[in-house]
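This report goes through one helix, the nonpolar core, a hairpin and some salt bridges. The sequence and the structure come next.

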Amino acid sequence: MRQALDRLATGLRRLCDHAKGSGIRIGFEPEPGMAVETVEGWDRVRDAVGHEGLGLTLDVGHCLATREGDPARILRRHADEIVVLQVDDHRAGRHDHLMFGEGEVNWPSLAEAVRASGYAGPIEVELSRHSSEAPAAARRSIDFLRATFASP
C-alpha cells in the first residue's frame with residue numbers, strides 16, 4: 001500500500017505542478033472500492049503530495065457509502081480544502097448514486113454546513129445511473145438544489 005501511495009503522490013504532484021501555471025487546482029476524489037476510499041484516506045494523500053494546488057473533491061454520498069460519517073460534519077472539517085462538492089443521495093453502506101430524497105443524506109444539515117463554512121465553489125450533481133432520464137433528472141436536480149442551497 002505504501003508503494004501505491006508513493007506512486008499516486010508522485011503523479012499528483014506532477015499534475016499539480018503542470019496545472020499551477022494555468023491557475024488550476026486539482027481536485028482529488030476518494031472513491032468507494034478504490035485504493036483511497038474515504039476522506040481519512042484523503043488526509044494521507046494530501047500529506048504525501050504536499051502541494052497547494054491539490055484540493056479535495058467531496059462526494060457527500062460517498063461519506064455514507066463508506067460509513068465514514070455525517071457528510072455535514074466532514075464538510076465542516078475539510079471546508080477549506082474542498083475545490084468541488086458533489087451531491088447525490090445515498091444509503092449507508094451502499095455505493096449507489098440516488099436521486100435527491102431517495103437516500104439518507106440529511107440535506108438541511110448539509111446545506112447549513114455549506115453556508116456556515118463559506119464554501120463558494122461548484123456544487124455538482126452526480127447521478128451516474130440516470131442517463132436514460134437525463135432531462136427530467138437535470139430539472140429535478142436544479143429545482144432541488146435551488147430549494148436546498150439558496151440562501152434563506
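The expected span of a helix is 1.5 Å times one less than its number of residues. The model examined here is a predicted one. Helix H6 covers residues 134–149, and its 16 residues should therefore span 22 Å. The C-alpha atoms at its ends are 21 Å apart, which agrees.

The buried residues of H6 are Ala-137, Ser-141, Phe-144, Leu-145, Thr-148 and Phe-149. Viewed down the helix axis, they fall within an arc of 100°, so they line one face of H6. The face turned away from that side carries the exposed residues Pro-135, Arg-146 and Ala-147. Among the elements that cover the buried residues of H6 are strand E3 (82–87), helix H5 (107–117) and strand E6 (123–125).

The largest nonpolar core has 38 residues. Within this core, Leu-54, Leu-58, Trp-107 and Leu-110 touch the most other members. Apart from its neighbours within four places in sequence, Leu-110 is in contact with Val-60, Pro-71, Ala-72, Leu-75, Val-87, Val-105 and Phe-149. Phe-149 is also one of the buried residues of H6.

Strands E4 (residues 89–91) and E5 (residues 94–98) pair in the antiparallel sense over two bridges. Two residues lie between the strands of this hairpin, and Gly-93 takes a positive phi near 85°. Arg-91 stands opposite Arg-94 in E5.

Side chains of opposite charge can pair when their charged atoms come close. The model has nine salt bridges, including the three in the table.

| Salt bridge | Closest N to O |
|---|---|
| Arg-46 and Glu-81 | 2.6 Å |
| Asp-96 and Arg-94 | 3.8 Å |
| Glu-112 and Arg-115 | 3.8 Å |

In the salt bridge between Arg-46 and Glu-81, distant parts of the chain are linked: Arg-46 is in helix H2 (residues 39–49), and Glu-81 is in the loop between helix H4 (71–78) and E3, 35 residues apart. Arg-46 counts as partly exposed at 25% relative accessibility, whereas Glu-81, at 14%, counts as buried.

Asp-96 is buried, with a relative accessibility of 18%; its partner Arg-94 is partly exposed, at 47%.

Glu-112 and Arg-115 both lie in H5, three residues apart, about one turn of the helix. Glu-112 is partly exposed at 42% relative accessibility, and Arg-115 is partly exposed at 32%. Elsewhere, salt bridges that share partners join Asp-43, Arg-46, Asp-47 and Glu-81 into one network.

Terms used:
Residues are numbered from 1 along each chain as its sequence is written. This is a predicted model: local features need pLDDT of at least 70, side-chain atom pairs count only at pLDDT 80 or more; totals for chains, interfaces and linings use all residues. Side-chain values use heavy atoms; hydrogens and water are left out. A nonpolar core is a set of buried Ala, Val, Leu, Ile, Met, Phe, Trp, Tyr and Cys residues joined through side-chain atoms within 4.5 Å. Buried means under 20% relative accessible area, exposed over 50%, partly exposed in between (1.4 Å probe, protein chains only). Contact means heavy atoms within 4.5 Å. Two strands pair if DSSP finds at least two bridges between them. Helices (H or I, at least four residues) and strands (E, at least two) are DSSP runs, numbered from the N terminus. The arc is that of the directions from the helix axis to the C-beta atoms. A salt bridge is a side-chain nitrogen of Lys or Arg within 4 Å of a carboxyl oxygen of Asp or Glu.
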